[in-house]
Amino acid sequence: ELQEIENGHQVDKRMAPQLEAMLRDARKEGLEPLIVSSYRTMEKQDDLHNNRIKRFLEEGLDLGTAIAEAGKWVAVPGTSEHQTGLAVDIVAESFPVLEAEQENTAEQQWLMENSWKYGFILRYPKDKTKITGFTFEPWHYRYVGQNLAEKVYKSGLTLEEYLASQPTSHSVG
């Protein structure tokens, strides 16, 4: 179930209060976080993915390589966390672009240090591309709930690494 938040963005209703609190607290610190992407429909994800493929084709890559490279930058439709309503892209209002340099803004520094307190994790950290399958995205935050966010943050692991490190219970019967 989606809930509308600022600037017409929609997110999963379960995370809206925590997202709003996180943004409010960042603004109290004099920062200007700006949501640039939230829930996406299948059609929107398909458009973004196809546009990325087209850009790689225009750069001279063959179709197979363009598709593979696009998948590192834009999730294949049906696999995007944005389609769940549990992910948001947040940038600094003064630097509203999705580039790696976003990590150097005061807004990202604050979010990277504090987002876990609100139930969010930086989903695609630096130097973890081989693990997550995605390039570094200092703007992409995923809601996982406060308990799990704290554990992932304090472990220093990606979500994939953290979940893989947890013992699984096998029922016998």
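**Two pockets, one predicted model**

Okay, let's start with the smaller story: in the second largest pocket, the lining residues split into nine nonpolar, three polar and two charged. Keep in mind that what you have in front of you is a predicted model.

So how much space is in there? The second largest pocket holds about 250 Å³. It has 14 lining residues, and if you want to click on its centre, go for L122, P125, V152, Y153 and L157, which sit closest to it. In terms of elements, β5 (120-124) and α6 (146-155) each put at least two residues into that lining, with β5 giving the most, three residues.

Now, over to the largest pocket. Here we're at about 440 Å³ of space. There are 22 residues lining the largest pocket, and the ones closest to the centre are R40, W73, V74, L98 and E137. Three elements show up with two or more lining residues, namely β3 (33-37), α2 (42-58) and β6 (137-143).

Which element supplies the largest share of the lining of the largest pocket? That's α2, with six residues.

And the chemistry of the wall? For the largest pocket, the lining breaks down into nine nonpolar, six polar and seven charged residues. Put that beside the second largest pocket, with its nine nonpolar, three polar and two charged.

If you're loading this up later, have a look at R40 and E137 by the centre of the largest pocket, then swing over to Y153 and L157 by the centre of the second largest one. That's all from me.

Notes
Residues are numbered from 1 along each chain as its sequence is written. This is a predicted model: local features need pLDDT of at least 70, side-chain atom pairs count only at pLDDT 80 or more; totals for chains, interfaces and linings use all residues. Side-chain values use heavy atoms; hydrogens and water are left out. On a 1 Å grid over the protein atoms alone, a cavity is a set of points where a 1.4 Å probe fits but cannot get out, and a pocket is an open set with protein on both sides within 12 Å along at least five of seven lines; lining residues have an atom within 4 Å of a point. Grid points are joined across faces, edges and corners, and a volume is the space filled by probe spheres set on the points. Helices (H or I, at least four residues) and strands (E, at least two) are DSSP runs, numbered from the N terminus. Ala, Val, Leu, Ile, Met, Phe, Trp, Tyr, Cys and Pro count as nonpolar, Asp, Glu, Lys and Arg as charged, and the others, Gly among them, as polar.
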